[in-house]
Structure formats: structure tokens, C-alpha cells
Amino acid sequence: MARTGLAGAVRVARWADAVLGPGSAGATADGKATLSDPTAERAAADLGLSAAQVRADWDTARLAGLVEVHGDSARPGWRLRAWDRDDSAVLRGWVALFDAWSLASPEPAEHEPAAVAEVVSAMPQVLSFLQLSAGPVPVEQLLDLLQQRVTELRTERCEIPYGPQPEPVSPPQLTDTPLEPLLDWALRALAAVGALTYDDAQATLTPLGSWAVWVKLEQICVAAQSPAGNIEQSAEDMLRGCAQLRPNAARAEYRAWLAARPVGSAVTQLIDAARGEDALLRGLAFEALRVVGAPAEPDVRSVVTESALRPYALLWLAEHDGVDPEDAHEVLTREEATWLWVDTAAAVADHGEAPMLVRHLESAVQPTVPQLLDEVRAVGHPRTVQVLVALAAAHPDPALAKAVRRAAFQVHTGG
């Protein structure tokens with residue numbers, strides 16, 4: 001179902017990869033990696049689609065991580081590269097789109113952004129109810145639940161001033177907020193990404209939507225392949241096999257893999273794996289290079305000029321020169337540390353659990369979340385939108401989640 005739902009996005013992404021080439025600036029014109037008019041028309045003619053459908057599929061490809069934005073251009077994402085051979089990449093791409101459902105469909109222009117944000121914050125509970133119901137649910141029942149949840153969100157946000165008050169503060173009322181059209185928008189948007197069906201005044205989760213909600217409720221991750229036989233694998237497959245191992249066990253696997261091949265070719269393979277689209281493999285590759293030690297220094301030093309590898313290489317070199325690993329981060333500039341934070345968050349979003357992503361906030365060098373969001377937006381990491389959407393979906397604080405979603409929307413639209 002995920003492959004079918006994203007087939008159009010994959011088709012347009014592959015067309016762009018084949019015709020325009022990775023990172024081609026000719027694909028865009030507005031600094032937001034939105035397809036230019038000539039490019040959209042050309043794709044429509046080649047694929048037998050309308051230009052509007054091409055643009056819609058392109059936007060879906062961006063939200064699903066099939067293409068990654070770099071400034072005013074885009075390049076294929078690792079999920080597109082792994083599409084035919086890795087079912088987990090397909091499912092994670094769909095989950096990324098599912099998390100970004102509120103970006104996939106334009107929000108109602110006639111409603112206050114605050115009301116829209118409240119509905120977005122309340123929808124996980126609505127989806128959970130749909131999942132537990134395991135069947136069609138009347139929209140009237142969902143509307144009652146939405147109203148209850150929005151009331152709870154407003155009550156939780158209500159602050160009582162310090163000191164004596166003449167009258168108790170009453171919970172905010174919903175009379176000024178028409179939730180029916182916003183629920184209709186949310187259900188239609190979720191239907192558009194394939195999470196549910198919505199007709200005859202009732203909604204039903206699709207099997208794919210039910211699976212995704214269940215996974216999120218239970219915080220279940222796709223388990224890594226067994227590490228058995230890693231010694232015979234390529235660097236990328238070996239690193240994937242070690243992803244879920246404890247550090248000591250992973251280092252033992254790295255040593256066995258390194259012992260089976262010349263150190264020069266092993267280092268080259270590890271650095272090539274680090275250059276890939278999967279941020280988790282980037283971090284693991286440099287962990288393996290730490291096991292290599294001094295023989296890897298020339299190759300590591302040679303990639304310091306590559307922006308995606310620079311923070312990892314600088315940390316590796318600092319530790320190699322004897323700096324305490326806990327102090328090695330001081331060699332990074334603020335911008336490099338922010339890039340590394342986003343890259344690590346991308347790895348957690350792709351391969352970890354929601355609580356891990358929430359805890360990752362504490363590792364940021366910025367003292368406040370607003371400052372972090374400003375600097376994350378400025379650093380221009382290609383996975384910024386997906387990371388922020390995933391963080392907003394995972395964070396239990398509605399106000400913080402709202403701010404993170406706003407930042408994701410601003411990055412997505414180039415604002």
C-alpha cells in the first residue's frame with residue numbers, strides 16, 4: 001500500500017533524477033526547490049500527466065524524503081535509492097508523509113492559524129480512537145472527541161496570574177471556533193496521504209494508517225537485520241547490521257570486518273558509506289573509522305572540506321589528537337554543531353523511537369528552542385523539514401510541538 005500510494009511521487013522523483021541530474025539547479029526557480037514552470041511542463045509531457053499532478057507528486061516526494069532540498073535545488077534522497085530493495089525505506093517514507101499530513105494539503109485560509117494548530121495537535125488522539133475502533137466511526141463522534149481534546153489543550157495552556165484573583169479563571173470556550181470545517185480538512189488531508197477513507201459522514205483507517213498509528217502508539221521500530229555474516233557484507237550493509245548492537249558488540253563487528261580486508265580499501269568503503277543519504281550510516285561509519293585509528297587519518301582529513309562529513313571528520317581528528325571525547329565538540333563552530341544536531345536527529349527520526357528524538361533536544365548547543373529553530377532553519381540541512389515534522393509529532397508539549405510545526409512549515413514553503 002505504501003508503494004502504491006507513493007508511486008506517483010517516486011515516478012516524478014526518478015524522472016527528475018534521470019533527466020535533470022542530481023542537484024540540478026535547472027529543476028527550480030524560486031529558491032524553494034519548487035519545480036519551475038518549464039520543468040513541470042516538460043515532466044508532464046514526458047510522463048503523460050498534467051503539470052498540476054506533477055507538482056503535487058513532487059511536493060509529496062519532498063515530504064516523503066524521496067528528494068532532498070539543497071538551497072534552490074534538489075537531489076534524490078536515500079529512500080529513493082533504496083526503494084526497490086528496502087521495504088523499511090518505503091514504509092519510513094510513507095510515515096514521513098503521514099507525519100506531514102498537515103503540510104500535504106493546504107490549510108483552510110479562512111481560519112485562524114492558532115485554531116488550525118490546535119486541531120493538528122488534537123488529531124493524534126482522534127487517530128488513536130479510530131485505530132482502537134477498528135472500523136468506521138461517524139464524523140459526529142470524531143467531532144465530539146476533537147472538541148474535548150481542543151478544550152483540554154486550551155485548559156492546559158491557560159495560565160493563572162500569580163496573586164489573588166477576584167474570580168477564578170474559567171476554561172476557554174469553543175463557541176468562537178468552528179471545528180467542523182477544520183475536522184473536515186484534517187480528515188480529507190489524512191485521506192489524501194492514504195491514512196484513512198472518508199465518505200458518507202464517517203471515517204475509517206486504512207490498513208496502512210492503522211499500522212502506522214499502532215506503531216506510534218506502541219513505539220515500535222523496525223528491527224535491524226541480524227548481524228550474523230557481517231564480515232562478508234559491504235560497508236553499508238555491515239553498518240546497517242550493526243545499527244542495533246551495543247557499542248562494544250558493534251566495535252567487535254567492525255574489527256572482524258576490518259580484519260578481513262586491506263585497510264586502505266576498508267577505509268574507502270566506510271567513507272563512501274558516510275557520503276550516502278542515510279545519516280545513521282554516516283555516524284556509524286565514523287565509529288568504525290575510530291576502530292581503524294591512525295591508518296585512517298589521511299582519508300579522514302581529506303574529507304574535512306565536504307560539508308556533510310566535516311563535523312564528523314573534525315570530531316574524529318580531535319579525538320585522534322588526544323582530545324577527550326566529551327570535549328571534542330568544542331572544535332566545531334556553532335553552525336557545524338547545528339548541522340550535526342540535525343543530521344543526528346535525521347538518523348533518530350529514520351531509525352529510532354519517538355522518545356529518543358525528544359531527548360535529542362537536550363543535546364542542542366542552543367539554550368532555547370526558539371533559538372535552536374532559528375539556527376536549524378539557517379543551517380540549510382536537506383532533512384530539516386522531515387526532522388522538524390517528526391519532532392513535532394513526537395513531542396508531548398503542545399506549545400513546543402506547535403512552534404516546531406510552524407518552523408517546519410516555514411522551511412517547507414521557503415518562508
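Two strands are taken to pair if DSSP finds at least two bridges between them, and the legends below apply that criterion to a predicted model.

**View 1. The open sheet of three strands, in the order β3-β5-β4, is paired antiparallel.** Because β3 and β4 stand at the edges, each with a single partner strand, one side of each is left without a neighbour in the sheet. Strand β4, residues 196-199, is joined to β5 by four bridges in the antiparallel sense, whereas two bridges connect β5 with strand β3, residues 137-138, and these two strands likewise run antiparallel. Strands of a sheet pair through backbone hydrogen bonds, either parallel or antiparallel.

**View 2. Individual positions in β5 can be followed to their partners in the flanking strands β3 and β4.** On the β3 side, glutamine 202 of β5 stands opposite proline 138. On the β4 side, threonine 204 of β5 faces threonine 197, and alanine 203 of β5 is the bridge partner of tyrosine 198. The hairpin of β4 and β5 has two residues between the strands, and in this hairpin aspartate 200 takes a positive phi near 50 degrees.

**View 3. The side chains of strand β5, residues 202-205, alternate between two faces.** Ala203 and Leu205 point to one face and are buried, while Gln202 and Thr204 point to the other face and are not buried. In a regular strand the side chains alternate between the two faces of the sheet.

**View 4. Helix α8, residues 113-133, lies across β3, β4 and β5.** The direction of helix α8 is at about 75 degrees to that of β5. Helix α10, residues 179-192, also packs on the sheet, where α10 touches β4 and β5 and makes an angle of about 130 degrees with the direction of β4.

**View 5. Helix α2 spans residues 7-19 and contains 13 residues.** From its first C-alpha to its last, helix α2 reaches 18 Å, which is close to the 18 Å expected at 1.5 Å a residue. The buried residues of α2 are Gly8, Ala9, Val10, Val12, Ala13, Trp15, Ala16 and Asp17. An α-helix has 3.6 residues a turn, so residues three or four places apart point the same way.

**View 6. Histidine 360 is placed in helix α19, residues 354-360.** With a relative accessible area of 11%, histidine 360 is classed as buried, because that term applies under 20% relative accessible area. When residues up to four places away in sequence are not counted, histidine 360 touches Trp341, Thr344 and Ala345.

Note on methods. Residues are numbered from 1 along each chain as its sequence is written. This is a predicted model: local features need pLDDT of at least 70, side-chain atom pairs count only at pLDDT 80 or more; totals for chains, interfaces and linings use all residues. Side-chain values use heavy atoms; hydrogens and water are left out. Buried means under 20% relative accessible area, exposed over 50%, partly exposed in between (1.4 Å probe, protein chains only). Contact means heavy atoms within 4.5 Å. Axes are lines fitted to C-alpha atoms, for helices over the stretch in contact, and angles run from 0 to 180 degrees between N-to-C directions. The expected span of a helix is 1.5 Å times one less than its number of residues.
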